[in-house]
Structures are given as structure tokens and as C-alpha cells.
Amino acid sequence: MVYKVDQAEELEGKYRMFFENMGEGVCILNENMAIISVNDKLCETSGYSRDELLGKEVTSFFEGANKKIIEKEFKKRTKGKTSHYTVAAKTKEGKELFFSVCSVPLFDKEGKFDGAVAVISDITKTKKAEEKLKEHTIELEKEVEERTEQLVDLYGGVAVTEERNRLAQEIHDGLAQTLASSLLKIDFCERLLDDNPKKVKKELLALRKILAKGIKATRHVIFDLRLPKFHRTGFVTVLRKYLEEFRRKTGIAATLNLKVEESLPMKIQVGTYRIIREAMNNIRKHAKAKNVDLRLRTDKNRNLRLIVKDDGKGFDLNRALTQSKYAKNFGLTGMEEQTKLLGGIFTVKTEKGQGTKIEVKVPIEE
Ligand SMILES: Nc1ncnc2c1ncn2[C@@H]1O[C@H](COP(=O)(O)OP(=O)(O)O)[C@@H](O)[C@H]1O
Ligand SMILES: [Mg+2]
């Protein structure tokens with residue numbers, strides 16, 4: 001498409017009105033990339049006065065890769081092409097802003113290239129929200145990777161699939177959905193930017209709320225993903241902290257009775273911790289218990305003995321086991337598998353209405 005800027009006075013007046021009232025920044029360049037006209041909105045956004053902008057080469061307001069973008073885009077204009085792109089620039093005060101630019105070439109009466117006009121929207125807020133989302137996704141992926149590595153190291157690949165499936169489920173439920181709806185909102189905002197900035201502001205507020213929720217969910221999953229640093233913190237402290245956190249989060253009274261040495265083999269510390277965590281997660285999710293009693297001691301035959309007892313609603317063990325064969329989760333089967341990996345014995349005693357007691361006995365080999 002070829003646009004002609006007529007110099008006639010009346011047209012000039014109409015352009016001027018459109019120029020000043022459209023609510024977005026507008027800038028006209030001559031054939032040498034010098035700024036020959038800007039509207040108030042662009043002065044306001046950039047922090048530069050009209051005098052500071054007029055006559056300058058447009059690239060002088062950009063740095064590095066962004067300058068390259070502007071040069072490349074202008075070349076397209078000289079070939080008669082219109083385009084839509086994103087670029088970053090600093091305001092006069094040095095604040096970095098992101099812009100969505102729509103630019104079209106201009107031609108004189110003879111059809112000779114005569115410069116370009118650009119409509120410039122400030123999309124900094126949307127961009128920042130997008131970046132935050134990206135950071136979180138990366139952080140999460142890193143955690144999953146680290147966690148998988150830890151598991152491969154510890155168990156030579158056993159139990160990794162189940163663990164991964166469980167994580168995938170948790171991430172899907174808690175996070176992917178939040179991220180997806182945020183992305184939709186961002187797209188929506190981008191489309192609204194031109195003609196309804198007020199609504200965009202409202203949408204951004206809603207987006208902020210969604211993101212805050214997503215961040216909370218991320219923290220929760222990461223807390224669950226992370227294996228504590230047993231080396232640094234010590235087994236007993238790790239368990240104390242875990243129980244404290246459990247009480248705080250669930251309001252369930254949980255007592256801890258520990259008679260173990262700190263120097264248990266690392267494999268046993270990690271394995272036992274995972275069993276405890278799953279047992280406690282089950283209590284939190286299913287038991288409706290008021291009290292939990294967790295006991296961990298070494299007996300005189302050098303066995304580690306764990307008991308997790310709750311006064312919740314109990315359940316039909318056979319049914320849960322046949323069902324969990326098909327459910328891809330860590331769960332009861334996972335706890336049993338974990339115990340077996342440590343060469344131990346896993347038992348569950350439960351009955352409907354009678355609470356649940358999980359017992360683990362593991363030999364401590366030096
Ligand atoms: N402490 C408990 N109190 C009551 N029900 C439990 C408890 N532990 C497990 N269950 C029941 O056993 C089922 C299987 O548990 P599990 O294998 O951990 O899978 P999930 O927790 O993913 O449902 C649970 O769905 C629940 O019905
Ligand atoms: Mg479970």
C-alpha cells in the first residue's frame with residue numbers, strides 16, 4: 001500500500017488532529033531517518049521535549065541491538081514495506097521502556113520514497129509481566145531437572161518415572177493453568193492497547209493477581225521438590241523443620257519423637273525423609289486427622305524404625321492398593337518401593353474410622 005502525505009493545508013489540519021488525539025505516540029521520519037514530526041503523547045512517554053526530538057536522527061535514541069532493529073526496520077520502509085515490531089529504548093530519565101511499533105513508508109507525489117510514519121505504543125508493563133512468567137517457568141524447569149538428577153544419582157533410575165509423573169501432575173494443576181491464563185490475558189491486553197487503555201489497566205491488575213497466585217503455587221511446588229540439604233542442616237533439624245512447617249500449614253497437631261543419630265547413611269536419610277513426606281501429604285490430603293504422631297528411633301539390632309500414626313478417618317487398604325496400581329503417583333506403592341530399596345519392610349495398618357498407622361523398618365548398614 002502506498003500512502004501520500006498531501007501538503008495541502010486542510011489535510012494537514014486533519015492529520016494534526018488525528019496525530020494529537022489518538023492516544024499513542026506518533027513519529028514521522030524523513031527519508032534520512034531524521035525526526036520531522038512527533039505528537040505530544042510521544043514527548044510525554046519519552047520524556048524529551050519536541051525541540052529535543054525534532055531534527056535528530058531517530059537511531060540516536062536507541063542503543064546496541066535496538067539501534068540495529070531500527071536500522072533494519074527503516075530499510076524495509078525504503079523498500080515500501082510496512083511492519084510491526086517490538087523495540088526497547090530509554091526515556092530521557094534513563095528508564096527502560098518497551099514499545100510496540102507499527103510503521104509504514106511514505107512517498108511523495110512522484111512516488112519517490114519520502115520517509116516513514118510510526119505509531120508507537122508503550123507495552124512495558126505487559127512485557128515485564130511476560131518476563132516474570134518466563135523467569136518462573138525457567139526456575140521451575142531447573143528445579144525439576146535438578147530433582148530428577150538427584151533421583152537418578154540415588155536410585156539409579158528406579159522410581160524416577162513415578163516421581164516425574166507426580167511432579168508433572170502437580171505442576172499442571174497448580175501452575176500451568178495459571179501461566180496459560182496469564183498468557184491469554186497478555187494477548188488480550190496487547191489487542192486492547194490501541195483503543196482501550198483503561199481496560200488494559202484493569203486487565204493488568206487482574207493479571208497481577210493471577211501471577212501472585214502463580215508465584216505462591218510455584219513456591220509450594222518448589223518446597224515440595226527440593227530435597228533438604230541433609231549434609232548441611234542435619235537429619236534431625238530437617239525433620240523438626242518439616243514438622244513445624246506441616247503444623248503451621250495444616251493446623252494439625254503433630255508430635256515428633258526422635259531417637260536417632262545424625263550420622264545415618266545418606267541413602268537412609270533421603271529415603272526416610274521421602275516416605276515421611278508422602279505419609280504426611282496423605283494425612284494432609286485425605287485423613288481429616290486432628291493428631292499425628294511421628295516416631296523415629298534406632299532399635300538394638302541396628303534397625304531404623306519409623307511410625308507415622310494419625311487419628312483420621314482411615315481407609316480401605318486393599319481398594320487403595322488396587323487403585324494405586326493404575327494411578328501414576330508416588331503414594332502408598334511408592335513408599336513401599338522406597339522401603340524395599342533400602343532393604344526394609346513397609347506395613348500399613350488402617351481401618352475405616354480407625355485412623356492409619358504406617359510402619360517402616362530398615363536395617364542400618366555401615
Ligand atoms: N493417612 C490416610 N488417611 C486416610 N486415607 C488415606 C491415608 N493415606 C492414604 N489414604 C487413602 O489411600 C489412597 C491412596 O493413597 P496414595 O497411594 O498416596 O495416592 P494419592 O495420595 O495420590 O491419592 C488415597 O487416595 C486415600 O484415599
Ligand atoms: Mg498420596
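In this predicted model, helix α10 contributes five residues to the shell around ligand 1, which is the largest share of that shell. The shell comprises 16 residues, the closest of which are N282, H286, A287, A320 and G331. Beside α10, which spans residues 266-287, the helices α11 (317-326) and α12 (331-341) each supply at least two residues of this surrounding. When the residues around ligand 1 are sorted by class, eight are polar, five are nonpolar and three are charged.

The helix α10 also takes part in a β-α-β unit, in which it is combined with β7 and β8 and for which the handedness is left-handed. The two strands of this unit, β7 (residues 253-259) and β8 (residues 291-298), run parallel and are joined by seven bridges. Within this pairing, L256 has L294 of β8 as its bridge partner, and A254 is partnered in β8 by V292.

On β8, a further pairing is formed with strand β9 (residues 303-310), in the antiparallel sense and again over seven bridges, with R305 of β9 as the bridge partner of R297. The strands β8 and β9 constitute a hairpin with four residues between them, and in its turn R302 adopts a positive phi of about 60°.

These strands belong to an open sheet of five strands with mixed pairing, in which the order is β7-β8-β9-β11-β10. Because β7 and β10 (345-350) stand at the edges and each has a single partner strand, one side of each is left without a neighbour in the sheet. From one strand to the next, the twist averages 10°. Helix α9 (residues 235-250) packs on this sheet through β7 and β8, both of which it touches, and the direction of α9 makes about 170° with that of β7. Helix α10 likewise packs on the sheet, where it touches β8, β9 and β11 (356-363), and the direction of α10 makes about 10° with that of β9. Thus α10 is both a helix packed on the sheet and the source of the largest share of the shell around ligand 1.

A further antiparallel pairing involves strand β4 (residues 83-90) and strand β5 (residues 96-107), which are connected over eight bridges. In this pairing, the bridge partner of A88 is F98 of β5. The strands β4 and β5 likewise form a hairpin, here with five residues between them, and G94 in the turn has a positive phi of about 95°.

Notes: Residues are numbered from 1 along each chain as its sequence is written. Chains are lettered from A and ligands numbered from 1 in the order in which they are written. This is a predicted model: local features need pLDDT of at least 70, side-chain atom pairs count only at pLDDT 80 or more; totals for chains, interfaces and linings use all residues. A residue is near a molecule or strand if its C-beta atom, placed from the backbone, lies within 6 Å of it. Ala, Val, Leu, Ile, Met, Phe, Trp, Tyr, Cys and Pro count as nonpolar, Asp, Glu, Lys and Arg as charged, and the others, Gly among them, as polar. Two strands pair if DSSP finds at least two bridges between them. A crossover is right-handed if, with the strands pointing away from the viewer, the path from the first strand over the helix to the second runs clockwise. Axes are lines fitted to C-alpha atoms, for helices over the stretch in contact, and angles run from 0 to 180 degrees between N-to-C directions. Two residues are in contact if their C-beta atoms, placed from the backbone, lie within 7 Å.
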